[in-house]
Amino acid sequence: MTNTSQATAIKQPEKGSRAAQLVAMLARKQGATLEDITKATAWKPHSARAALTGLRKRGYEIESDKTEGASRTYRIEAA
């Protein structure tokens with residue numbers, strides 16, 4: 001029987017991959033905008049959003065906030 005009170009282990013992306021680069025960007029204090037992500041990874045916006053969803057499925061808690069007149073910013077808590 002599984003104890004649900006235990007923290008779920010997060011599956012880390014492969015070192016050097018674009019997913020690992022994305023995790024590093026999101027862990028920065030300022031986080032990353034969709035534009036930051038697409039420029040750094042050469043992904044199209046829909047692929048960048050799918051990568052964010054993939055990280056959520058791996059167990060990362062991704063927060064986003066949008067201030068008026070600025071782009072949406074995505075962040076994760078550094079492990």
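User: Leaving aside neighbours within four places in sequence, which residues is Ser 71 in contact with?
Analyst: The model is predicted: local features need pLDDT of at least 70, side-chain atom pairs count only at pLDDT 80 or more, and totals for chains, interfaces and linings use all residues. Residues are numbered from 1 along each chain as its sequence is written, and side-chain values use heavy atoms, without hydrogens and water. Contact means heavy atoms within 4.5 Å. By that test, Ser 71 is in contact with Thr 33 and Asp 65.

User: How far apart are the C-alpha atoms of Ser 71 and Thr 33?
Analyst: Ser 71 sits in the loop between E2 and E3. Along the chain, Ser 71 and Thr 33 are 38 residues apart. In space, their C-alpha atoms are separated by 6.4 Å.

User: What pattern do the helices and strands follow along the sequence?
Analyst: Helices (H or I, at least four residues) and strands (E, at least two) are DSSP runs, numbered from the N terminus. The protein chain has three helices and three strands. Read in order, they give α-β-α-α-β-β.

User: In what order do the strands stand in the sheet?
Analyst: Strands pair if DSSP finds at least two bridges between them. E1 and E3 pair in the antiparallel sense over two bridges. E1 and E2 (62-65) are the edge strands, each pairing on one side only. The open sheet therefore has the order E1-E3-E2.

User: Which residue stands opposite Thr 33, and is that residue buried or exposed?
Analyst: The partner is Thr 73 in E3, a strand of residues 73-76. Buried means under 20% relative accessible area, exposed over 50%, and partly exposed in between (1.4 Å probe, protein chains only). At 13% relative accessibility, Thr 73 is therefore buried.

User: Is Ser 71 buried, partly exposed or exposed?
Analyst: Its relative accessible area is 43%. That value lies between the 20% and 50% limits, so Ser 71 is partly exposed.

User: Why do the buried residues of H2 lie on the same side?
Analyst: The buried residues of H2 (residues 34-41) are Leu 34, Ile 37, Thr 38 and Thr 41. They share a side because they cover an arc of only 95° around the axis, taken from the directions from the helix axis to the C-beta atoms. An α-helix has 3.6 residues a turn, so residues three or four places apart point the same way. The reason asked for is thus the arc of only 95°.

User: Which elements do those buried residues of H2 pack against?
Analyst: The partners include both helices and strands. They are H1 (18-27), E1 (32-33), H3 (45-58) and E3.

User: What is the phi of Ala 42?
Analyst: Ala 42 lies in the loop between H2 and H3. At 69% relative accessibility, Ala 42 counts as exposed. Most residues other than glycine have a negative phi. Ala 42 is not a glycine, yet its phi is positive, about 65°.

User: Which elements give two or more residues to the largest nonpolar core?
Analyst: A nonpolar core is a set of buried Ala, Val, Leu, Ile, Met, Phe, Trp, Tyr and Cys residues joined through side-chain atoms within 4.5 Å. The largest has 16 residues; Leu 22, Leu 26, Ile 37, Leu 52, Leu 55 and Ile 62 touch the most other members. The elements giving two or more residues to this core are H1, H2, H3 and E3.

User: What share of the 79 residues counts as buried?
Analyst: The cut-off for buried is under 20% relative accessible area. Across the protein chain, the share is 28%.
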